[in-house]
Amino acid sequence: ALSTTTTATKKVGSSSTDETNVNFVDWISDAPDEITKWKPLPVVGGEIPEYVQGTLIRNGGGIWSDKEGMFSHIFDGLAKIRAYRIRPSKKTAKVEYQDRFVQGAWYKSYHQNENELPWGIGTGPLIDSKAQTPIITGIWKTVKALVNVATIFDNTPVNLWDYQPQNSNDNKVITALTDAPPRNS
(Lines give C-alpha, C1' and ligand atoms only; values in the text may rest on other atoms or scores of the structure.)
Protein backbone atom coordinates (compact mmCIF):
# COMPACT_ATOMS: atom_id res chain seq x y z
CA ALA A 1 0.00 0.00 0.00
CA LEU A 2 1.15 3.51 -0.73
CA SER A 3 2.22 5.45 2.34
CA THR A 4 1.56 9.12 1.79
CA THR A 5 2.18 10.34 5.30
CA THR A 6 4.22 8.57 7.93
CA THR A 7 4.70 9.52 11.56
CA ALA A 8 7.65 8.33 13.59
CA THR A 9 7.36 7.56 17.29
CA LYS A 10 9.98 6.41 19.73
CA LYS A 11 9.13 4.17 22.66
CA VAL A 12 10.44 5.27 26.05
CA GLY A 13 13.69 3.46 26.84
CA SER A 14 14.05 2.14 23.28
CA SER A 15 16.49 3.09 20.56
CA SER A 16 14.17 1.91 17.76
CA THR A 17 11.51 4.00 16.04
CA ASP A 18 8.04 2.76 15.04
CA GLU A 19 6.70 4.12 11.77
CA THR A 20 2.93 4.39 11.51
CA ASN A 21 1.33 4.75 8.09
CA VAL A 22 -1.39 7.39 8.40
CA ASN A 23 -2.32 6.93 4.70
CA PHE A 24 -4.55 9.96 4.15
CA VAL A 25 -5.44 8.64 0.68
CA ASP A 26 -7.89 6.26 2.36
CA TRP A 27 -9.71 9.24 3.94
CA ILE A 28 -10.05 11.29 0.77
CA SER A 29 -12.92 11.17 -1.69
CA ASP A 30 -14.14 13.94 -3.97
CA ALA A 31 -17.52 15.54 -3.24
CA PRO A 32 -17.79 18.09 -6.08
CA ASP A 33 -21.52 18.83 -5.72
CA GLU A 34 -22.88 21.43 -3.34
CA ILE A 35 -26.07 21.14 -1.30
CA THR A 36 -27.06 24.78 -0.92
CA LYS A 37 -30.49 24.32 0.71
CA TRP A 38 -31.10 22.43 3.93
CA LYS A 39 -31.61 18.73 3.15
CA PRO A 40 -33.32 16.48 5.73
CA LEU A 41 -31.22 13.54 6.89
CA PRO A 42 -32.76 10.37 8.31
CA VAL A 43 -32.07 9.48 11.92
CA VAL A 44 -30.76 5.96 11.38
CA GLY A 45 -31.29 4.56 14.85
CA GLY A 46 -32.28 5.64 18.31
CA GLU A 47 -33.43 9.10 19.26
CA ILE A 48 -31.68 12.42 19.55
CA PRO A 49 -32.30 13.90 23.01
CA GLU A 50 -34.35 17.12 23.07
CA TYR A 51 -31.47 19.09 24.61
CA VAL A 52 -29.22 18.34 21.62
CA GLN A 53 -29.93 21.19 19.24
CA GLY A 54 -28.08 23.77 17.21
CA THR A 55 -25.78 23.79 14.19
CA LEU A 56 -22.51 21.91 13.89
CA ILE A 57 -20.24 23.42 11.24
CA ARG A 58 -17.17 21.60 9.93
CA ASN A 59 -14.46 22.55 7.45
CA GLY A 60 -12.39 20.29 5.23
CA GLY A 61 -11.58 19.46 1.66
CA GLY A 62 -14.14 18.67 -0.99
CA ILE A 63 -12.07 17.99 -4.13
CA TRP A 64 -8.62 16.41 -4.16
CA SER A 65 -8.29 15.17 -7.74
CA ASP A 66 -8.10 16.50 -11.27
CA LYS A 67 -7.21 15.06 -14.68
CA GLU A 68 -3.52 14.65 -13.71
CA GLY A 69 -3.99 12.80 -10.43
CA MET A 70 -4.93 13.50 -6.84
CA PHE A 71 -3.37 15.31 -3.93
CA SER A 72 -2.57 13.08 -1.00
CA HIS A 73 -2.73 15.24 2.13
CA ILE A 74 -5.93 15.90 4.05
CA PHE A 75 -5.37 19.71 3.96
CA ASP A 76 -4.84 19.83 0.17
CA GLY A 77 -8.49 19.50 -0.90
CA LEU A 78 -10.46 22.55 -2.05
CA ALA A 79 -12.08 24.04 1.06
CA LYS A 80 -15.69 22.96 1.67
CA ILE A 81 -17.86 23.95 4.63
CA ARG A 82 -20.41 21.41 5.92
CA ALA A 83 -23.26 22.22 8.29
CA TYR A 84 -25.53 19.90 10.29
CA ARG A 85 -28.58 21.55 11.88
CA ILE A 86 -30.36 19.69 14.68
CA ARG A 87 -33.81 20.97 15.66
CA PRO A 88 -36.14 19.47 18.25
CA SER A 89 -39.56 18.19 17.22
CA LYS A 90 -42.40 16.27 18.89
CA LYS A 91 -41.22 12.73 18.05
CA THR A 92 -37.47 13.06 17.54
CA ALA A 93 -35.07 15.76 16.47
CA LYS A 94 -34.83 16.74 12.83
CA VAL A 95 -31.36 16.71 11.32
CA GLU A 96 -30.63 18.73 8.19
CA TYR A 97 -27.48 19.12 6.12
CA GLN A 98 -25.93 21.51 3.61
CA ASP A 99 -22.47 22.22 2.21
CA ARG A 100 -20.72 24.85 0.08
CA PHE A 101 -17.25 25.40 -1.29
CA VAL A 102 -15.32 28.45 -0.09
CA GLN A 103 -15.54 30.68 -3.19
CA GLY A 104 -12.00 32.09 -3.13
CA ALA A 105 -9.35 32.63 -5.81
CA TRP A 106 -8.08 29.05 -5.42
CA TYR A 107 -11.55 27.60 -6.06
CA LYS A 108 -12.17 29.98 -8.98
CA SER A 109 -8.83 29.05 -10.53
CA TYR A 110 -9.86 25.39 -10.38
CA HIS A 111 -13.02 26.11 -12.40
CA GLN A 112 -11.40 28.57 -14.83
CA ASN A 113 -8.70 25.99 -15.68
CA GLU A 114 -11.10 23.20 -16.66
CA ASN A 115 -11.17 21.60 -13.20
CA GLU A 116 -7.40 21.46 -12.82
CA LEU A 117 -6.23 21.91 -9.24
CA PRO A 118 -3.81 24.84 -8.88
CA TRP A 119 -0.31 23.87 -7.82
CA GLY A 120 0.53 25.18 -4.39
CA ILE A 121 1.70 24.28 -0.96
CA GLY A 122 0.57 20.65 -1.17
CA THR A 123 2.10 18.85 1.78
CA GLY A 124 1.80 15.44 0.18
CA PRO A 125 2.86 14.17 -3.23
CA LEU A 126 0.57 14.18 -6.23
CA ILE A 127 -0.70 10.60 -6.62
CA ASP A 128 -1.61 8.79 -9.84
CA SER A 129 -5.16 7.81 -8.88
CA LYS A 130 -5.09 4.57 -10.94
CA ALA A 131 -1.59 3.26 -10.16
CA GLN A 132 -1.55 4.71 -6.60
CA THR A 133 2.05 5.87 -7.09
CA PRO A 134 3.59 9.34 -6.73
CA ILE A 135 3.85 11.43 -9.92
CA ILE A 136 7.23 13.06 -10.56
CA THR A 137 6.37 16.71 -11.14
CA GLY A 138 9.66 18.41 -12.02
CA ILE A 139 11.01 21.90 -11.44
CA TRP A 140 8.33 23.71 -13.54
CA LYS A 141 5.54 22.53 -11.20
CA THR A 142 7.60 23.62 -8.19
CA VAL A 143 8.09 27.12 -9.63
CA LYS A 144 4.38 27.31 -10.53
CA ALA A 145 3.48 26.27 -6.99
CA LEU A 146 5.64 29.00 -5.45
CA VAL A 147 4.12 31.66 -7.74
CA ASN A 148 0.56 30.49 -6.98
CA VAL A 149 1.16 30.51 -3.23
CA ALA A 150 2.49 34.07 -3.42
CA THR A 151 -0.33 35.35 -5.63
CA ILE A 152 -3.66 33.48 -5.46
CA PHE A 153 -3.48 31.03 -2.56
CA ASP A 154 -6.49 31.43 -0.29
CA ASN A 155 -7.65 27.83 0.16
CA THR A 156 -8.89 27.50 3.76
CA PRO A 157 -9.77 23.84 4.53
CA VAL A 158 -8.32 23.58 8.03
CA ASN A 159 -10.52 25.24 10.64
CA LEU A 160 -13.37 27.67 11.35
CA TRP A 161 -13.59 30.59 13.76
CA ASP A 162 -16.80 32.10 15.10
CA TYR A 163 -16.23 35.74 16.00
CA GLN A 164 -19.80 36.04 17.37
CA PRO A 165 -20.40 32.89 19.46
CA GLN A 166 -23.38 34.43 21.30
CA ASN A 167 -25.12 35.50 18.07
CA SER A 168 -27.55 32.73 17.09
CA ASN A 169 -29.25 34.34 14.10
CA ASP A 170 -29.12 32.92 10.57
CA ASN A 171 -26.85 35.73 9.33
CA LYS A 172 -23.87 34.76 11.46
CA VAL A 173 -20.39 35.31 9.99
CA ILE A 174 -17.86 32.53 10.43
CA THR A 175 -14.29 32.67 9.08
CA ALA A 176 -12.54 29.72 7.42
CA LEU A 177 -8.83 29.32 8.25
CA THR A 178 -5.81 27.50 6.84
CA ASP A 179 -2.41 26.31 8.04
CA ALA A 180 -0.48 28.46 5.52
CA PRO A 181 1.33 31.60 6.56
CA PRO A 182 -0.55 34.85 5.93
CA ARG A 183 0.30 37.02 2.95
CA ASN A 184 -0.57 40.55 1.95
CA SER A 185 -3.38 40.82 -0.61
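**Reading the labels in this predicted model**

Reader: Why is Arg100 called partly exposed?

Author: Arg100 has a relative accessible area of 39%, and because buried means under 20%, exposed over 50% and partly exposed in between (with a 1.4 Å probe and protein chains only), the residue falls in the middle class. This is a predicted model, in which local features need pLDDT of at least 70 and side-chain atom pairs count only at pLDDT 80 or more, while totals for chains, interfaces and linings use all residues. Residues are numbered from 1 along each chain as its sequence is written, and side-chain values use heavy atoms, with hydrogens and water left out.

Reader: What makes Glu34 and Arg100 a salt bridge?

Author: The term asks for a side-chain nitrogen of Lys or Arg within 4 Å of a carboxyl oxygen of Asp or Glu, and in this pair the closest N and O atoms are 3.6 Å apart, so the condition is met. Glu34 sits in the loop between strand 2 (17-21) and strand 3 (35-41) and Arg100 in strand 7, so the bridge ties together parts that are 66 residues apart in sequence. Helices and strands are DSSP runs numbered from the N terminus, a helix being H or I over at least four residues and a strand E over at least two. Glu34, at 29% relative accessibility, is likewise counted as partly exposed. By the salt-bridge rule, the count comes to four.

Reader: How do you know that Asp99 and Lys80 form a salt bridge, and are these two residues buried or exposed?

Author: The closest N and O atoms of Asp99 and Lys80 are 3.5 Å apart, which means that they satisfy the distance condition. This pair links distant parts of the chain, with Asp99 in strand 7 and Lys80 in strand 6, 19 residues apart. Both residues are buried, because Asp99 has a relative accessible area of 5% and Lys80 one of 1%.

Reader: What makes Arg85, Arg87 and Glu96 one network?

Author: Arg87 and Glu96 form a salt bridge in which the closest N and O atoms are 3.2 Å apart. Salt bridges that share partners then join Arg85, Arg87 and Glu96. Within this network, Arg87 is partly exposed at 38% relative accessibility, whereas Glu96 is buried at 11%.

Reader: Why is the aromatic pair of Tyr84 and Tyr97 called tilted?

Author: Rings of Phe, Tyr and Trp (its six-membered ring) pair if their centres lie within 6.5 Å, and planes under 30 degrees apart count as stacked, over 60 as edge-to-face and the rest as tilted. A search of the whole structure finds three aromatic pairs. The ring centres of Tyr84 and Tyr97 are 5.0 Å apart and their planes stand at 50°, so this pair is tilted. Tyr84 belongs to strand 6 (residues 79-87) and Tyr97 to strand 7 (residues 94-101), so the pair ties together parts that are 13 residues apart in sequence. Tyr84 is partly exposed at 30%, while Tyr97 is buried at 11%.

Reader: What makes the pair of Trp161 and Tyr163 edge-to-face?

Author: Trp161 and Tyr163 have ring centres 6.3 Å apart and 70° between their planes, so the pair meets both the distance and the angle condition. Trp161, at 49% relative accessibility, counts as partly exposed, and Tyr163, at 56%, as exposed.

Reader: Which residues make up the largest nonpolar core, and what makes a set of residues a core?

Author: A nonpolar core is a set of buried Ala, Val, Leu, Ile, Met, Phe, Trp, Tyr and Cys residues joined through side-chain atoms within 4.5 Å. The largest one here has eleven residues: Ile28, Ile63, Trp64, Phe71, Leu78, Phe101, Trp106, Tyr107, Tyr110, Leu117 and Phe153. Helix 1 (residues 105-112) gives the most to this core, with three residues. In soluble globular proteins, nonpolar side chains tend to be buried together.

Reader: Why is Asp66 called buried, and where does it lie?

Author: Asp66 has 17% relative accessibility and therefore counts as buried. Asp66 has its place in the loop between strand 4 (54-61) and strand 5 (70-71). Leaving aside residues up to four places away in sequence, Asp66 touches Asn115, Glu116 and Leu117, where contact means heavy atoms within 4.5 Å.

Reader: Why is Ile139 called exposed?

Author: Ile139 reaches 66% relative accessibility and so counts as exposed. Ile139 lies in helix 2 (residues 138-151).
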